[in-house]
Amino acid sequence: MAPSTVSVLIPCLVDQVYPEMGWAMVAVLRRLGYGVDYRRGQTCCGQPAFNAGHWGEARRVAGHCLEVFRGAERVVCPSGSCTAMLREFYAELFAGDAREAEAAALAGRVEEFSEFLLREGAAGRLGARLPGRLGFHNSCHSRRELGQRDESRRVLEQLEDCEVVEPAGEPDCCGFGGLFSVKFAGIAGAMAQSRLARFHELGVARLAVNDPGCILHLRQEAERAGLGLEIRHVAEWVAEALGVGAAPGAGAER
Amino acid sequence: MTARLREFRRAADERAADLVHRERIARVMSKSNAASETMKVRQFGDWERARRLAGQIKRHVLANLPDLLEEFERHATARGVEVLWAADAGEARALLLGLARRFQIEIAVKSKSMTTEEIELNAALEAAGIEVLESDLGELIVQLAGTRPYHIVGPAIHLTRAEIAELFHRKLGTAPGAGAEELTLAARDLLRRKFAAAGLGITGANFLLADAGAITVVENEGNARLTMAMPRVHVAIAGIEKVLPRLADLALFLPLLASSGTGQQLTCYNTLARGPRTAGEPDGPEHMAVILLDNGRTTLYARPAVRQALRCIRCGACLNVCPVYRSIGGYTYGTVYSGPIGAVITPHLEEQGRWEHLSQASSLCGACSAACPVDIDLHRLLLENRRRATAERKEGWFWAAALRAWAWVFSRRGRLDRLRGVGRLVRAAAPGRARVPRLAPRSFAQMWSDREQS
Amino acid sequence: MSSRERILGRLRAAQPPAAERAAPPREPDRSIYRDYPARAEDYVAVFAERFAALRGEFLRAAGLAEAAARVAGLLAELEASEACGAARGLAAADPLIAAVLAASPALAARFDPPERLGMANAEMLPCLAGLTRARALVARSGGIVLDSGRDGGRRLSVFPPLHIVLARAGDYVASLEEALARRAGDADWSSLTIVHGPSRTADIEKTLVLGAHGPKRLAVIHVEA
């Protein structure tokens, strides 16, 4: 079956702070033959307010998200936490609301980026190299809410000569947790320190992460600690291997 | 911001920055967690199934709690146990002091019980002129040090051997720099004489068996067995939620507790006590009482959204896997029960205390829920606590206002596009600015418009 | 209103309606546990292995005389480690124990008889060895089930630093479930314990130390005949 068009859900953090991650995902999808539908009205899935316990505000923003993605048949998102928000938490947020059914419908149509590539069998069609050791940090939402133990890892392992390494045992939280990292910066910083120390033990200089929130938080700690660690999104590493799409103007398309 | 939240944040930041403490706790916890993981795989063909079953049994218990408590009381009373009910900590203390006076107790020995911490029993007994000695080694250590237990299962895991040796040297006269074995032996010798002399033995109970009218006490050292064997009076204090329907359920719960709590297949001593000594027995207490403790549990019970937290068997696994607990340690919480379970239940057990901030101090990573042997959705309960606190306006005005503004901006793309400049200003003015990211020159949406004409 | 009534009242007011109260779950089936010994003839060997992993000492004796010799050997080791004179012990009332002691009068003289089980606490301090049977030996976990009715009371198996259990083939069961089922129904005990090895603690820096408060040594003498 020939690939077709997918809609992309761009996390607010990517939209506002790290657009290059969104472009990397778009470039990879296009290289694999997918048409990409970006609905410009989208803003945010509502998770920051939801996790903070402000469900009224969360519902307001999530309701807008439902409107934007009305009719979208397949939605791909480069964030385990946004995907989990739609798939696992919209049901609770809209329970008893008129939009309950619509939320359930959307939940069934969203996939996280790596999950999508694997299910479509597209990961095996990448045909690209990314030689060297690459650390991998699995986000808590991917691991525990979506039950994705190693989807992103398996995508990266499709890249030739790429040696993906992870610390042993269950992945520890990086400490982002949305507003948690702002409200309790001391604790969150310590958690990031501990997590990066595990990668330091493995001696990796490059780190792939499947959630923009984790990347934001880990980069801050890596910079503070002066670690020469290159932390980028899984989609960015795949895009680099394929030699495609940095953000326009931010680097020549190879 | 309440004074309590300010103090919590101060203590948390201090602990989180204390690399020595973090490294020490990390070492202890990774050892614990590794042992637990190994044992779960070793003894359970399917641990997930085992814990789901345990969760279902506990859900059944909670749904039928009043009937099961009456069943327990009936069977226990038939075998000569005095079953008492305490609405709160004050009443529990009074009941225990009443028993101590009735039986003219001068010396009491205790085995490890978080419930007795909860009701602050030791101070009350001492005030009444009764000598009280903790017999669990970890509890004895913190008692001698004059501090509280650091962790539900390992009260003294935050102390090094050297620190304990110094403490024992000062208080018990052991050799300076003594090793773990020598220190344990010193505790053993001290306590053997006390077990022999004490008139009252006080324990908690890990489980209350409804069909047998028996309590169950689980331990490794043997001090609880001695507490229930040697003094002439035995009193057990247990939360009302500790019920299991049948003695046979222990076959599931004892291995689950041991695996998750200490990484053992089964704990060394698993003791059932269902009455004072029978006519044919050569020893054992002449009198046994069980105090069933409410102390806020019925409040929690009456809230269906969080009721499942009463399934807790106090194994400590959620503490061991929690990255927040590992960063800040047990004392920072300032509560009897720390870690994820403590953050979940304390705001309901102690309404006046305003402990909602503990539910905020989490990244909701979910490691706790994944580790719970009775399938409590701990991180979802933390979220529910947050939702409830917001709905009841228990949080400060700042975040409510900030998120209202945020929702207004983010519910319309046009507003978001127009207000990016404001976002830059907000960031510049924000306290903790380093934590708020710098905006990209153009948003993804703007770049898409720039680039993708069609 | 008493506290009892208040507590039960609050629970009943918040209880889910009868129709929604969860049905009791089924019995856990054996597949939950991975490590059951498959056949009855394996119970002893599996128990011995698991018991040893818990630092228990498993000894075999062909008959009563050898069993007596084993007990004497353990007492001698006790005397060496405690640096004391002739170690004294206390025995529970049981035909097998009586038969083993009868096989060696010298040994019998070292043990106070079951009539002494009710001695005062202070009198028990010099007692260094407790000798009992067991209600069941659990192969799966290396556990030993004891109760205060038939196994010499509550103190005997926990206070002396050495606890010796005499066992026969018929004492072994596969699992904890069976062990609990065996004894639970009986009337004559007030306390029952499932023991897994000698006493231990890891409260000091997670370092394992044996002999915290309970016995430092736990031995099972399996009597074949």
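How many residue pairs are in polar contact across the interface of chain C and chain B? In this predicted model, local features need pLDDT of at least 70, side-chain atom pairs count only at pLDDT 80 or more, and totals for chains, interfaces and linings use all residues. Residues are numbered from 1 along each chain as its sequence is written, chains are lettered from A and ligands numbered from 1 in the order in which they are written, and side-chain values use heavy atoms, with hydrogens and water left out.

The rule finds 47 such pairs, both residues at pLDDT 80 or more; a polar contact here is a pair of N or O atoms within 3.5 Å, where within protein one must be able to donate a hydrogen and the other to accept it, and residues adjacent in sequence count only if both atoms are side-chain atoms. On the chain C side, H1(C) gives the largest share, 9 residues.

As for salt bridges (a side-chain nitrogen of Lys or Arg within 4 Å of a carboxyl oxygen of Asp or Glu), the count between the two chains is 6. One of these links C:Arg4 to B:Glu73, with the closest N and O atoms 2.7 Å apart.

Turning to overall extent, 76 residues of chain C touch 94 of chain B, contact being heavy atoms within 4.5 Å. About 7400 Å² is buried between them, 56% of it from carbon and sulfur atoms; this is the accessible area (1.4 Å probe) that the two parts lose on being put together, summed over both. In chain C, C:Arg154, C:Ile204 and C:His213 lose the most area to chain B, together 11% of what that side buries.

Key
Helices (H or I, at least four residues) and strands (E, at least two) are DSSP runs, numbered from the N terminus.
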